[in-house]
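Please look over the structure shown below, then read the briefing on its sheet and its nonpolar cores.

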Amino acid sequence: MNIQKLLRNNIRDLQPYSCARDEFKGEASVYLDANENPYNSPYNRYPDPLQWEVKEQISAVKGIPAENIFLGNGSDEPIDLLFRAFCEPRIDNVVAIEPTYGMYKVSAGINDVEYRKVLLDVNFQFSADKLLDASNLYTKIIWLCSPNNPTGNSLNRDEIVKLITSFDGIVVLDEAYIDFASEASFAVKLLDYPNLVILQTFSKAWGNAAIRLGMAFASTEIIAVLNKIKYPYNINILTQKHALASLKNAKQVKKWVEILLEERANLINKLEQLPLVQHIYPTDANFVLVKVNDANEIYQNLVDKGIIVRNRNSVSLCNGCLRITVGTLEENKILLEELAK
């Protein structure tokens, strides 16, 4: 696959901005190159623009080479950058499953790119052939999310492989919830697919939503494109330092996941016993999609009690559904007691 042919002409020809920390790599005793205030160390210095120390630690945890990692201000940054790199406004288009994470569509709108939706089936699964049928010569990216949001289920792996190997553009697989799934991440096969981009995050299993750190795994050629067009210092020093501390505590993350999976099973079991619950959809994430007898009324009653879930009643194929995140034992108990009333 020739990634360069997929790029927008202006991106291919772009001469990227070169910041002071790009031109000098390593450690020095005197820094007089970036017009920084010499006082208030270490916050007076610009951070590493490519976050190599963080990437090396992620590499050790994930088993992915550091040069195949891009770090963004949340996963929303690489989502937006992929549109800007590969999709010519008002000419190109993207294809995505429906329902799924809403930011793909929003980013398409911001970048003035046609967004084509292909409905999942009744089991919330997709057909690679249907996505390919919805594409044309101007389709640059196909978006998948597995486990999917808001449905919670993992997508069929054989169909994912079929799509990646059949499509002549970029396939983005968002694995924000992969740590809660029984199936392995596609990251172990990353180097087999030059057109695959995998998104993961520190927001879910890692418990770091507040630091806004997303990960994109891809070929070195795609990573180079993202680095070329990102803002120079997109990840601040506070986020980098906190991420390094978290990466040294990977065993705690594994423990959190184990606890949340136990709580997920308990929550589903208790929800099944409530008369207002009509159906609970299978989930591989840290949330459950629940069909209830009156989603809008139940949602508002919970809000009035200070209990916030997500009303998905207006989302395609999710009529009458609430999306409930798995909380602590005490949080889940409060929710269940209120629903029982």
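Which residue of β3 does E98 stand opposite? E98 stands opposite L119 in β3. This is a predicted model, in which local features need pLDDT of at least 70 and side-chain atom pairs count only at pLDDT 80 or more, while totals for chains, interfaces and linings use all residues. Residues are numbered from 1 along each chain as its sequence is written, and side-chain values use heavy atoms, with hydrogens and water left out.

**Sheet**
- Seven strands (DSSP runs of E, at least two residues, numbered from the N terminus) form an open sheet of mixed pairing in the order β1-β7-β6-β5-β4-β2-β3, where two strands pair if DSSP finds at least two bridges between them.
- β1 (69-73) and β3 (114-119) each have a single partner strand and stand at the edges, so one side of each lacks a neighbour in the sheet.
- Strand β2 (residues 93-98) pairs with β3 in the parallel sense over six bridges.
- Strand β4 (residues 139-145) pairs with strand β5 (residues 170-174), also in the parallel sense, over five bridges, and W143 stands opposite V172 in β5.

**Nonpolar cores**
- In the largest nonpolar core (buried Ala, Val, Leu, Ile, Met, Phe, Trp, Tyr and Cys residues joined through side-chain atoms within 4.5 Å; buried means under 20% relative accessible area with a 1.4 Å probe, protein chains only), I58, F126, L131, L144, L163 and F217 touch the most other members out of 52 residues.
- A second, separate core of 32 residues includes I11, C87, I222 and I229.

How values were computed:
Helices (H or I, at least four residues) and strands (E, at least two) are DSSP runs, numbered from the N terminus. Buried means under 20% relative accessible area, exposed over 50%, partly exposed in between (1.4 Å probe, protein chains only).
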